[in-house]
Amino acid sequence: MKKLLTLIWALTIGTTAMMRAQISETESNDLLTTANDLPLNTTLEGQTCTYDNPDWYRVILPEDGFLKISTLTAGEGVNPNAPYIFTLFSPTGNPWNSFSPTTGNNGVMIADTSGWCCLKADTYYIKVQRDYAFAYCYDYTFSLELIPPVFQNDVEPNSMITDELVTIGFNTQAEGHVSFINDPQNSGTDSYDYFKIVPPINGMLRMFIESEAQSTGSNDLKIKLHNEDGSVWYQQSTPIGDFQSPNSDTLYWDCTPNDTLIVLFFTDNFYDRGYSYRMRYDMVSPFFENDIEPNNSSATAQIIDIATPVMGNQYYYGDGSEDIFKFAKPDTGFFKVRVTSSTNSSDGNLGTKVQLLDNNYSYIAQLNAPLGIIGELAIDSLTIAYLAADTFYIKVFSDYAYAACRSYLLEFFYYDPGIGLDEFALGNFQIFPNPANDKLTIDTRQLSGEGTVQIMNIFGEVVWVKNLIFGGQIQIDASEFAGCIYFVKTTSGNRSGVRKVMME
């Protein structure tokens, strides 16, 4: 039995020796102002013997994070009721909650761990004490480990909209922290992060977010869009993931303009602190490109050639409720305008209206066309059997006060009945697959006669062209095209049709 006790004692002493400090306290360190420096990830050895005779240590955190404390503690005799106490203090001397580790008797060191969350990079203090008048001497070792958030901090200062804000590039990742603190009396030292973004096109903004909370609870992270002048758009929320287990989410803002915007990350629950996040954004483009703004009145109408299809967007933030085009019809006779419209939202209320007006801006006719929703296309036409050769206006609008953003394509068909031509439905061709990765097929079997097939980039530049007799299929090597949106256009005389394709 004696040999067994001796072996246990030897193992205990040996284990304790391996875990003993790399450095020891240096007296006098009984005040905050005389605190010993304690580097992170360094084990320190100390002892307290007299009532109200604390040991103080200074700790510098180089970045935000969770401060983990690991202790070994024991009294020389049998422990009295009053616990051993390790307390974290802010740079100004305000205390956080204390950690009272399990303490061994008769010199048997017992290990324990705890920690303090949501600390901002700064200088802190640790106080070690035993508030008992008849205390034995107590030995302790402890080390501090900083566990940083999953995501890196943003560039400060960016806590006000008037700060010099960093611009996040399109489809570029950015990271940040909110509500890490350096004083327990504060409700969040860094509660707001502002950034600038500049979407390159109108469209639906998608924001991809990963987030984690260092505290045990988890509140929502709030995200809000502003115009550059500070005017607020609507706010959205994303659930916060657990510590070291980020949550992923995607948020959507319809009808976002290609303009400078400001995005705000914040929390309104200051008692659930320590959030880190990563974000990037991209745009889901409208089906058709934007018209030339401003064209919201007859005086600013966009001049168009009706031999070429016209594309436009409406109801994006800052874009008026009307798009107006002015054109000259060269021949007296048949006239038709076909509208193809779509929205990325689910709001197709009251559809799309297309109004034809004469050169005095007086009403001639109106088409109440459907609006395709969630990216689908809706097609309708306004036909005038006999229309003079003159100057006219086309107005695209909606009577719905809360109309969602939409895009549209106008195609024009016209001729002089005396020539004896039938309407040439050049929009009746198909393209597949769409998106195209390897091969792109253009099916013109619904067309007849001679004409031209062109592929144009988003700037209207022709990047591929072929003259042919319609009625068959054309295969193109799509791998030769850069990944982007293109337009396939069929043309015969002064008539044409357009389809949109994505090359991957």
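## Exercises on disulfides, a buried threonine and a nonpolar core

In this predicted model, Cys-49 counts as partly exposed because its relative accessibility is 25%.

**Exercise 1.** Find the disulfides of the structure, and work out what the bond between Cys-49 and Cys-137 ties together.

*Solution.* A search of the whole structure finds 3 disulfides. Begin with Cys-49 and Cys-137, whose sulfur atoms are 2.0 Å apart. The torsion about their S-S bond is about 115°, so this disulfide is right-handed. Next, place the two ends: Cys-49 lies in the loop between β3 and β4, and Cys-137 in the loop between β9 and β10, so the pair ties together parts that are 88 residues apart in sequence.

**Exercise 2.** Describe the other two links, Cys-117 to Cys-118 and Cys-255 to Cys-405, and then give the pairing in sequence order.

*Solution.* Cys-117 is joined to Cys-118 with an S to S distance of 2.4 Å, and at -75° about the S-S bond this link is left-handed. To judge burial, recall that buried means under 20% relative accessible area: Cys-118, at 1%, is therefore buried, whereas Cys-117, at 26%, is partly exposed. The sulfur atoms of Cys-255 and Cys-405 are 2.4 Å apart, and a torsion of about -80° makes their disulfide left-handed. Because Cys-255 lies in strand β17 and Cys-405 in the loop between β27 and β28, this pair connects parts that are 150 residues apart in sequence. Cys-255 is buried at 14%, and Cys-405 is buried at 3%. Numbered in sequence order, the bonded cysteines of the protein chain pair as 1-4, 2-3, 5-6.

**Exercise 3.** Is Thr-73 buried or exposed, and which side chain does its own side chain meet in a polar contact?

*Solution.* Locate Thr-73 in strand β5, which covers residues 65–75. Its relative accessibility is 0%, so Thr-73 counts as buried. The side chains of Thr-73 and Thr-103 are joined by a polar contact of 3.3 Å. Beyond four places in sequence, the contacts of Thr-73 include Tyr-84, Phe-86, Val-108 and Ile-110.

**Exercise 4.** Which residues touch the most other members of the largest nonpolar core, and which strand gives the largest share of this core?

*Solution.* Of the 24 residues in this core, Ile-197, Met-207, Leu-221, Ile-223, Trp-253, Val-263 and Phe-265 touch the most other members. Several strands each supply at least two of its residues, among them β12, β14 and β17, and the largest share, 5 residues, comes from β19. As a closer look at one member, Ile-197 touches residues including Leu-205, Leu-225, Val-263 and Tyr-281, apart from those up to four places away in sequence. In soluble globular proteins, nonpolar side chains tend to be buried together.

Technical notes. Residues numbered from 1 in each chain as written. Predicted model: local features only at pLDDT ≥ 70, side-chain atom pairs only at ≥ 80, totals over all residues. Heavy atoms only, no water. Core = buried A, V, L, I, M, F, W, Y, C linked by side-chain atoms within 4.5 Å. Buried < 20%, exposed > 50% of the residue type's maximum accessible area, 1.4 Å probe, protein only. Helix = DSSP H or I, 4+ residues; strand = E, 2+ residues; numbered from the N terminus. Contact = heavy atoms within 4.5 Å. Polar contact = N/O pair within 3.5 Å; in protein donor to acceptor, adjacent residues only side chain to side chain. Disulfide = S-S within 2.5 Å.
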